[in-house]
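I opened this notebook to keep track of what I look up, one item at a time. Here is the structure I am working from.

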Amino acid sequence: MIKLGLTGSIGMGKSTVARMFADERVPVFDADAAVHALQGPAGRLVAEIESHFPGTTGAEGVNRTTLSERVLGDGEALQRLEALIYPAVAQERTGFLEANSGAPLVVLDIPLLFEKGGAQLVDKIAVVSAPAEVQRQRVLARPGMSQEKFEKILALQMPDAAKRAKADFIIPTGGSIDETRASVRRIVACLTGSPDS
């Protein structure tokens, strides 16, 4: 099994690219989705997060907006949150790998792959990338996003150029969907030895 790490900065189109891999019948582990499940209604981290960050949860689980306001810009608080989340996500990822042990290729969609040492978990790395202005427009169009919040998030992420320099594959998302899909199909063909569709 080849483990392909999929990463990219905020607003680069990583979720869209992950869906394209899934469309090619490649099993995809979505770290963000795992976090959402762990923090959602009846999620197993909700009580722990509430005990560390009182007032950030409710009937719907963790209020991600309230929690992000609490930890963004506070390094110590962010570290405490990560110490709860990362081991739980690692457990979910292990279960995913066991469930898909027969697959020739799997994708591990990990937003902070380089920043948090995830590169050691994978065999190859694909970085999703778009021009900075396209990225900015996408992110600022999100509900509840501000220029200030965008800049705080960017400050926690390795610059796009540095990620691209470390990548085995670069998947451009600044052009058409068809161009991006063609890049994904080339990578699948390259790593599985199957003919490019």
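**Entry 1: the sheet**

I began with a pair of strands: strand 6 and strand 7 run parallel and are joined by four bridges. I picked out one residue pair, in which Val128 has Ile171 of strand 7 as its bridge partner. I note here that the model is a predicted one.

Next I looked up the whole sheet. It is open, has five strands in the order 2-5-1-6-7, and pairs them in parallel. Which strands are at the edges? They are strand 2 and strand 7, and each of these pairs on one side only. On average, neighbouring strands in this sheet are turned by 20° against each other, direction ignored.

I then checked strand 1 and strand 5. They are parallel, with five bridges between them. Gly5 has Leu108 in strand 5 as its bridge partner. Helix 5, residues 75-99, packs on the sheet and touches strand 1, strand 2 and strand 5. The direction of helix 5 makes about 165° with that of strand 5.

I went back to strand 7 for its side chains. They alternate along the strand. Phe169 and Ile171 point to one face and are buried. Ile170 and Pro172 point to the other face and are not buried.

**Entry 2: helix 1**

I asked which residues of helix 1 are buried. In this helix, residues 14-23, they are Lys14, Val17, Ala18, Met20 and Phe21. Why are they on the same side of helix 1? They cover an arc of only 155° around the axis, which puts them there. A general rule is worth writing down: an α-helix has 3.6 residues a turn, so residues three or four places apart point the same way.

I looked up what covers these buried residues. The cover includes strand 1 (2-7), strand 2 (28-30), strand 5 (105-109), strand 6 (124-129), strand 7 (169-172) and helix 9 (177-192). Helix 1 lies across strand 1, strand 2, strand 5, strand 6 and strand 7. It runs at about 155° to strand 1.

I followed helix 1 to helix 9. Their axes come within 10 Å and cross at roughly 55°. That makes helix 1 oblique to helix 9. The crossing is right-handed. On the helix 1 side I listed Thr16, Val17, Met20, Phe21 and Asp23. They meet Ile177, Thr180, Arg181, Val184, Ile187 and Val188 of helix 9.

**Entry 3: helix 2**

I repeated the search on helix 2, residues 31-39. Its buried residues are Ala31, Ala34, Val35, Leu38 and Gln39. Seen down the axis of helix 2, they fall within an arc of 125°, so they line one face of the helix. Among the elements that cover them are strand 2, helix 3 (46-52), strand 4 (61-62) and helix 4 (64-71). Helix 5 and strand 5 are also included in that cover.

**Entry 4: Phe29**

I picked one residue in strand 2, Phe29. Is Phe29 buried or exposed? It is buried, with a relative accessible area of 6%. Leaving aside its neighbours within four places in sequence, I found Phe29 in contact with Ala34, Val89, Glu92, Arg93, Phe96, Val107, Leu108 and Asp109. I also checked Leu84: it is 55 residues from Phe29 in sequence and 19 Å from it in space, C-alpha to C-alpha.

**Entry 5: helix 6 and helix 7**

I moved on to helix 6 (residues 132-140) and helix 7 (residues 147-155). Their axes come within 10 Å and cross at roughly 120°. The two helices are therefore oblique to each other. Helix 6 passes helix 7 in a right-handed crossing. Helix 6 makes the contact with Gln135, Arg136, Val139 and Leu140, and helix 7 with Gln147, Phe150 and Leu154.

**Entry 6: positive phi**

Last, I looked up backbone angles. Most residues other than glycine have a negative phi. Arg25 is not a glycine, yet has a positive phi of about 65°. I placed Arg25 in the loop between helix 1 and strand 2. Arg25 counts as exposed, at 75% relative accessibility.

Ala42 is not a glycine either, and has a positive phi of about 65°. Where is Ala42 found? It is in the loop between helix 2 and helix 3. At 84% relative accessibility, Ala42 counts as exposed.

How values were computed: Residues numbered from 1 in each chain as written. Predicted model: local features only at pLDDT ≥ 70, side-chain atom pairs only at ≥ 80, totals over all residues. Heavy atoms only, no water. Buried < 20%, exposed > 50% of the residue type's maximum accessible area, 1.4 Å probe, protein only. Arc of directions from axis to C-beta. Contact = heavy atoms within 4.5 Å. Pairing = 2+ DSSP bridges. Axes fitted to C-alpha atoms, helices over the stretch in contact; angles between N-to-C directions. Parallel < 35°, antiparallel > 145°, perpendicular 65-115°, else oblique. Left-handed = near helix turned anticlockwise from the far one by under 90°.
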